Amino acid sequence: MTTAISAVAQLPADPSLISLSYHHEHPLQALEFDDTLEVWTVSARIDADVLAEELAAYSDMDQESLDAVQDVAVGRMSFVRVRMFGPDHPFEAMDSYTGDVARIGEVVLDVATGEWEPAFEAVLGHPVGDLLFMGRVILEPAWRGFGLGPVLAGMAIRRLSQDCVVVACEPGSADGRELTEDEQREATAKLGRVWEQIGFGPLRDGVHILDCHLQGPQALLAERRQDYARLCRAWRAHHHA
């Protein structure tokens with residue numbers, strides 16, 4: 001985060017005020033695959049009341065201006081948890097959702113049985129539990145380039161991966177832009193390197209995985225949290241000197 005810290009003045013607000021909000025909705029009477037797929041949306045933002053309190057302490061803004069302060073959007077993430085021991089066939093559930101999720105299923109599952117693909121199972125530390133799919137992680141433009149993506153994703157995974165065997169993703173364009181083949185290849189490689197910072201590694205066919213039972217990802221997340229803490233200190237040092 002050396003570059004991020006040197007450009008800390010460009011951040012829209014104090015990064016230490018960022019919080020993650022988790023949203024998952026389901027009907028009491030389960031519809032098709034509701035007991036097998038859990039769809040989560042995670043929002044990263046700075047709450048308006050928290051920001052106004054900070055501004056009141058460190059600025060000369062009047063009350064009218066403070067009352068007009070709004071939430072600051074930082075980014076959003078999507079996750080899908082696949083319950084491997086639910087009532088439904090895991091791959092059929094994944095195939096019913098999106099092509100991205102289905103492609104992950106084709107790589108890590110035996111499509112016929114719905115169990116772990118044998119070669120994949122062999123590389124896992126403890127192959128008993130659920131699968132967590134990480135979809136897009138999108139930061140608002142003003143928050144990009146400061147190393148926040150890995151720490152936000154890592155912290156969300158920490159909350160959502162309890163009793164999971166593995167987290168899987170398919171690195172690619174994070175903002176949905178139309179890219180040429182060369183641009184897509186470059187974006188995939190770049191994003192793959194980003195997710196390596198929290199423990200993801202390539203499996204095959206463009207799929208990357210994080211083994212939830214290894215110590216390595218936990219150590220890497222601890223490093224990313226230290227990077228984040230340094231960024232927060234640098235912002236405060238610059239703005240509250």
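Guide: Exposed means over 50% relative accessible area, and buried means under 20%. The model here is predicted.

Visitor: Which exposed residues does helix 2 carry on the face turned away from its buried side?

Guide: Asp49, Glu53 and Ala57 are the exposed residues on that face of helix 2. The buried residues of helix 2, residues 48–58, are Ala48, Leu51, Ala52 and Glu54.

Visitor: What puts those buried residues on the same side of helix 2?

Guide: They cover an arc of only 160° around the axis, so they lie on the same side of helix 2. An α-helix has 3.6 residues a turn, so residues three or four places apart point the same way.

Visitor: Why is Phe33 called buried?

Guide: Buried means under 20%. Phe33 has a relative accessible area of 12%, so Phe33 is buried. Phe33 is in the loop between strand 1 (19–23) and strand 2 (37–46).

Visitor: What sign does phi of Phe33 have?

Guide: Positive, at about 70°, although Phe33 is not a glycine. Most residues other than glycine have a negative phi.

Visitor: Why does Asp163 count as exposed?

Guide: The cut-off is over 50%. Asp163 has 58% relative accessibility, so Asp163 counts as exposed. Its place is the loop between helix 7 (148–160) and strand 5 (164–169). Phi of Asp163 is also positive, near 65°.

Visitor: Why is Glu106 called partly exposed?

Guide: Partly exposed lies between the 20% and 50% limits. Glu106 is at 48% relative accessibility, so Glu106 counts as partly exposed. Glu106 sits in helix 5, residues 99–108. Together with Glu32, Glu92 and Asp95, Glu106 forms a surface patch of negative charge.

Conventions: Residues are numbered from 1 along each chain as its sequence is written. This is a predicted model: local features need pLDDT of at least 70, side-chain atom pairs count only at pLDDT 80 or more; totals for chains, interfaces and linings use all residues. Side-chain values use heavy atoms; hydrogens and water are left out. Patches are made of residues with over 30% relative accessible area and no salt bridge: like charges are joined within 9 Å, nonpolar side chains (Val, Leu, Ile, Met, Phe, Trp, Tyr) within 5 Å. Accessible areas come from the Shrake-Rupley method with a 1.4 Å probe; for residues, only the protein chains shown count as cover. A salt bridge is a side-chain nitrogen of Lys or Arg within 4 Å of a carboxyl oxygen of Asp or Glu. Lys and Arg count as positive and Asp and Glu as negative; His and the chain ends are not counted. The place of a charge is taken as NZ of Lys, CZ of Arg, CG of Asp or CD of Glu. Helices (H or I, at least four residues) and strands (E, at least two) are DSSP runs, numbered from the N terminus. Buried means under 20% relative accessible area, exposed over 50%, partly exposed in between (1.4 Å probe, protein chains only). The arc is that of the directions from the helix axis to the C-beta atoms.
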